[in-house]
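Trainee: I'd like a close look at a single part of this model, the one where a strand turns back on its neighbour. Please walk me through that part and then through what lies around it.

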Amino acid sequence: MRKLVLLLALICLAQIPLSLNAQPLVLSSHKAYDSYYDLYTRNPAVVVWYLDFEDFKGNMKPTTRRFKTDTQLPPPRVKDKDLKGSGYVRGHLCPAGDRDTDRGLLKETYLTSNMSPMTMVCNSGSWKTVEDSCRVLAKRHGKLIVAAGTIFLDDSLGVHKVNGISVPAAFFKIARCTTHPEHMWIWLVQNSWSETKPVRISVQCLQQVIQPREASISILKYHGLID
Ligand SMILES: [Zn+2]
């Protein structure tokens with residue numbers, strides 16, 4: 001654990017891409033969330049944030065739906081227009097709806113370090129369902145720690161790319177109650193072209209599906225999302 005903390009501190013301070021099990025990650029830290037960005041897939045690997053009722057009682061709407069290039073990421077950087085015409089929409093990992101009480105925080109959710117290519121049905125269907133569920137849980141339980149991340153097929157299976165950006169096969173989301181750590185919810189959402197329902201999964205299952213990307217597991221452990 002100490003070694004990991006040191007690595008993460010290095011990433012944070014020097015902004016150097018470090019290869020953690022062939023997963024070159026950079027930490028892009030914001031008030032709204034922390035994004036562990038994967039320079040290989042050009043997607044966030046894991047985005048972590050806290051969520052309580054105060055964070056989403058605002059109903060504030062963004063002035064633009066465009067994503068701003070996150071300059072904390074090293075070049076060549078993904079741009080908003082890179083997904084234009086690809087058939088995929090720009091999906092939030094940390095939802096804008098989780099940060100709608102403060103203009104600055106809301107704007108931060110529209111940074112490219114918080115963006116992944118999503119199908120429209122995933123974005124406005126099962127992924128949105130999970131986002132809504134988390135807010136219901138935060139109302140009920142108080143402060144939650146939440147993480148959302150990307151899941152990719154093995155490279156040998158041919159990962160679909162648009163403009164050099166890998167398209168996740170699925171997304172996961174995990175929420176844990178900060179007062180009762182035994183209260184934990186994990187969902188798996190397919191990035192599919194037809195409607196699917198989010199699937200509730202166990203920690204063991206989550207570890208299995210993200211295992212090829214071991215750094216993602218370490219990040220979840222580091223933030224206390226899993227033990
Ligand atoms: Zn609870």
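Mentor: Happy to: we will begin with the ground rules, go through the hairpin of β3 and β4, and then move outward to its surroundings.

This is a predicted model, in which local features need a pLDDT of at least 70 and side-chain atom pairs count only at pLDDT 80 or more, while totals for chains, interfaces and linings use all residues. Residues are numbered from 1 along each chain as its sequence is written. The pLDDT (the predictor's confidence in each residue, from 0 to 100) averages 89 over the protein chain, and 89% of the residues score at least 70. Residues 1-21 stay under 50. Where pLDDT is low, the predicted coordinates should not be read in detail.

The protein chain has five helices and 12 strands. These are DSSP runs numbered from the N terminus, with helices being H or I of at least four residues and strands being E of at least two.

Now to strand β3, residues 34-38. Five of its five residues are buried, so β3 is largely enclosed by the rest of the structure. Buried here means that 20 or more other C-beta atoms lie within 10 Å of the residue's own; 12 or fewer makes a residue exposed, anything in between is partly exposed, and the C-beta atoms are placed from the backbone. Both faces of β3 are covered, with Asp 34, Tyr 36 and Asp 38 on one side and Ser 35 and Tyr 37 on the other.

Tyr 36 is a good residue to stop at. It counts as buried because it has 28 C-beta neighbours inside 10 Å. Beyond four places in sequence, Tyr 36 is in contact with Leu 25, Leu 27, Pro 44, Ala 45, Val 46 and Ile 219; a contact is a pair of residues whose C-beta atoms, placed from the backbone, lie within 7 Å. Ile 219 in that list is one of the buried residues of helix α5 (residues 214-222).

From β3 the chain turns into β4, which runs antiparallel to β3 and is joined to it by five bridges. Two strands pair if DSSP finds at least two bridges between them. One of the bridge partnerships links Tyr 37 to Pro 44 in β4. The hairpin has four residues between the strands. In that loop sits Arg 42, which has a positive phi of about 60° although it is not a glycine. Most residues other than glycine have a negative phi, and most peptide bonds are trans. Arg 42 counts as buried because 22 C-beta neighbours lie inside 10 Å.

The loop after β4, leading to β5, has its own backbone features. Asn 59 lies in this loop and takes a positive phi of about 65° without being a glycine. With 8 C-beta neighbours inside 10 Å, however, Asn 59 counts as exposed. Pro 76 is found in the loop between β4 and β5 too, and the peptide bond from Pro 75 to Pro 76 is cis, with omega near 0°.

β4 also leads us into the interior. The largest nonpolar core has 52 residues, and Val 46, Val 47, Trp 49, Val 146, Ala 147, Phe 172 and Ile 174 touch the most other members. Strand β4 (residues 43-51) gives the most to this core, with six residues. A nonpolar core is a set of buried Ala, Val, Leu, Ile, Met, Phe, Trp, Tyr and Cys residues joined through C-beta atoms within 7 Å.

The start of β4 also meets a part of the chain far along the sequence. The C-alpha atoms of Asn 43 and Ser 116 are separated by 5.7 Å, although the two are 73 residues apart along the chain. Ser 116 belongs to strand β6 (residues 115-118) and counts as buried because it has 30 C-beta neighbours inside 10 Å. Its contacts beyond four places in sequence include Asn 43, Pro 44 and Thr 150.

Finally, β4 helps to cover helix α3, whose buried residues are also covered by elements including β5, β6 and β7. Among those buried residues are Cys 122, Trp 127, Val 130 and Ala 138.

Methods: Contact = placed C-beta atoms within 7 Å.
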